[in-house]
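Please open the model in a viewer and keep the selection tool at hand. The tour below proceeds stop by stop, with a selection at each.

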Amino acid sequence: MAAASLMVLYEDESVEVRYSDGSWLQLSPCGSEFLFDKTPPISAHPLQPSERIRQRTRFVISSYKELIVQALEFRNRFASRPYLPAELIPADKRAVRKDQRS
């Protein structure tokens, strides 16, 4: 997978990540769903649409797990209510700091 070239956290706490190969990822405001748009291979026909994957975050397949974990860590660092699925976030990173509690 390509390296992230841009990460944006929007006001509604959704995240958009752009990658150096032209693909992009959108993480929903609550963090529980994502949309990944793959860049078509160079050999693809110019009119061939790109492949889009839409899944629940906690059930992400291993091909996209690293991308999702990276986007979730970015989102949780700045969001008012972090999304902490046990399947993706290690226990030591799920601990809520006292200053983050509502």
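## Stop 1: Glu13 and Arg75

In this predicted model, select Glu13 and Arg75, whose side chains form a salt bridge with the closest N and O atoms 3.6 Å apart. The pair joins distant parts of the chain: Glu13 sits in the loop between β1 (4-9) and β2 (15-19), whereas Arg75 belongs to helix α1 (residues 62-78), 62 residues apart. Are these two residues buried or exposed? Both Glu13 and Arg75 are buried.

## Stop 2: Glu16 and Arg18

Next, select Glu16 together with Arg18. Their salt bridge brings the closest N and O atoms to 2.6 Å. Colouring by accessibility separates the two partners. Glu16 has a relative accessibility of 11% and therefore counts as buried, the limit being under 20%. Arg18, at 34%, counts as partly exposed because this value lies between the 20% and 50% cut-offs.

## Stop 3: Glu51 and Lys38

Move the selection to Glu51 and Lys38, where a salt bridge is again found, with an N to O distance of 3.6 Å. Where in the chain do Glu51 and Lys38 lie? Each is placed in the loop between β4 (33-37) and β5 (52-56), and 13 residues separate them; the pair is classed as linking distant parts of the chain. Glu51 is partly exposed at 44% relative accessibility, and Lys38 is likewise partly exposed, with a relative accessible area of 26%.

With these three pairs visited, how many salt bridges does the count come to? The count is six.

## Stop 4: Ser43

Remain in the loop between β4 and β5 and select Ser43, which is located there. Ser43 has a relative accessible area of 71%, so this residue is exposed, the cut-off being over 50%. Add Ser28 to the selection and draw a line between the two C-alpha atoms: Ser43 and Ser28 are 15 residues apart along the chain, and their C-alpha atoms are separated by 31 Å.

## Stop 5: Residues 7-76

Finally, select residues 7-76. According to the UniProt record, an unreviewed entry, this span carries the feature "domain: C5orf34-like N-terminal". How much of the span is helix, and how much is strand? Helix accounts for 21% of residues 7-76 and strand for 31%. A distance drawn between the end C-alpha atoms of this span gives 13 Å.

Technical notes: Residues are numbered from 1 along each chain as its sequence is written. This is a predicted model: local features need pLDDT of at least 70, side-chain atom pairs count only at pLDDT 80 or more; totals for chains, interfaces and linings use all residues. Side-chain values use heavy atoms; hydrogens and water are left out. A salt bridge is a side-chain nitrogen of Lys or Arg within 4 Å of a carboxyl oxygen of Asp or Glu. Helices (H or I, at least four residues) and strands (E, at least two) are DSSP runs, numbered from the N terminus. Buried means under 20% relative accessible area, exposed over 50%, partly exposed in between (1.4 Å probe, protein chains only). UniProt positions are given in the numbering used here, feature names are shortened, and annotations may be inferred rather than shown by experiment.
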